[in-house]
Amino acid sequence: MTTSPQSQQQVQIKSYPAPSALATLTDLKPEEVQAVSEAINPLIADTFALYTKTKNYHWHAAGSHFRDYHKLFGRQAEDMLASIDILAERVRRIGGTTIRSISHISQLQTIQDDNSDFVQAGEMARRLMEDNKHMAQMQRAAHEVCVHNHDVATASVLENLIDQSERRTWFLFETVQGMNNTD
């Protein structure tokens, strides 16, 4: 069986150890770097996916509470975007490699895209609430991997990001409580 150049590229994309030109000095063992990179890169992909979904809802919110939803989704998207660089740079600091393309994101993401033509604002909030709850669960699992592999700095970053995900979930939960008041 022969492989196409595209499938060879996909296999290369999934490789997390840094080529020697990108090698970063670290006291972590290569297998520890690999484990942390494999735990963090899907979080980066999910954050990109959730950022895009949140911006989609920010741009397409409609109804009598448009302004509130627009502002809420906009603020939450900004927080997510800022966290992407923090996580990617942690992976690089320990000698791993990170996201390279939109196709790489789509390979790793577990947050589902939403290409619906129209979603009611309250339903947008409910979907984002579930996605942020999922994100916190994934962050907790990655935190355990980091602790197990002696990367306390990345674990510490994740603690802050878990708090942010829980805060977004909380705000969205409270918003969903007034879902029947979204017309």
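Here are some short exercises on the inside of this predicted model, each with a worked solution.

**Exercise 1. Find out how many cavities of 30 Å³ or more the structure holds, and describe what lines the largest one.**

Start with the count: there are two cavities of 30 Å³ or more. The largest of them holds about 50 Å³ of space.

Next, list the wall. Its lining residues are Thr47, Met80, Ser83, Met135, Gln139, Leu161, Gln164, Ser165 and Arg168.

Now map those onto the helices. α3 (66-93), α5 (121-148) and α6 (152-177) are the elements that give two or more residues to this lining. α6 has the largest share, with four residues.

Finally, sort by class. You should get three nonpolar, five polar and one charged residue. To see where the charged one comes from, remember that Asp, Glu, Lys and Arg count as charged; Arg168 is on the lining list.

**Exercise 2. Do the same for the second largest cavity: what is its volume, and which residues line it?**

The volume comes out at about 40 Å³. Going round the wall, you meet Asn56, Tyr57, His60, Ser116, Asp117, Phe118, Val119 and Met124.

Helix α2 (residues 30-60) gives the largest share of this lining, three residues. By class, the wall divides into four nonpolar, three polar and one charged.

Keep Tyr57 in mind, as this lining residue comes back in the next exercise.

**Exercise 3. Work out how the rings of Tyr57, Tyr69 and Phe73 are arranged.**

First, the overall tally: the model has three aromatic pairs. Take tyrosine 57 with phenylalanine 73. Their ring centres are 6.3 Å apart and their planes meet at 50°, so this pair is tilted. A tilted pair is one whose planes are neither under 30 degrees apart nor over 60.

Then ask where the two partners sit. Tyrosine 57 belongs to helix α2 and phenylalanine 73 to helix α3, 16 residues apart, so the pair links distant parts of the chain. Both tyrosine 57 and phenylalanine 73 are buried.

Now take tyrosine 69 with phenylalanine 73. Here the centres are 5.7 Å apart and the planes are again at 50°, so this pair is tilted too. These two are four residues apart in helix α3, which means about one helical turn separates them. Tyrosine 69 and phenylalanine 73 are both buried.

Put the pieces together: Tyr57, Tyr69 and Phe73 make up one aromatic cluster.

**Exercise 4. Describe the largest nonpolar core, then pick out what Leu158 touches.**

The core has 42 residues, and those with the most contacts inside it are Ile40, Leu43, Ile44, Phe73, Leu87, Leu158 and Leu172. At least two core residues come from each of α2, α3, α4 (102-108), α5 and α6. The largest share, eleven residues, belongs to α2.

Now zoom in on leucine 158. Leaving out residues up to four places away in sequence, leucine 158 touches Ile40, Leu43, Leu87, Gln139, Ala142, His143 and Cys146. Among these, Ile40, Leu43 and Leu87 are also on the list of residues with the most contacts inside the core.

**Exercise 5. Say where histidine 150 is found and whether it is buried or exposed.**

Look in the loop between α5 and α6: that is where histidine 150 is found. Its relative accessibility is 55%, so histidine 150 counts as exposed; the cut-off is over 50%.

Last, check the backbone. Histidine 150 has a positive phi, about 65°, although it is not a glycine.

Terms used
Residues numbered from 1 in each chain as written. Predicted model: local features only at pLDDT ≥ 70, side-chain atom pairs only at ≥ 80, totals over all residues. Heavy atoms only, no water. 1 Å grid on protein atoms, 1.4 Å probe; cavity = no way out; pocket = protein on both sides within 12 Å on 5 of 7 lines; lining within 4 Å. Points joined across faces, edges and corners; volume = space filled by probe spheres on them. Phe/Tyr/Trp six-rings, centres within 6.5 Å; stacked < 30°, edge-to-face > 60°. Buried < 20%, exposed > 50% of the residue type's maximum accessible area, 1.4 Å probe, protein only. Core = buried A, V, L, I, M, F, W, Y, C linked by side-chain atoms within 4.5 Å. Contact = heavy atoms within 4.5 Å.
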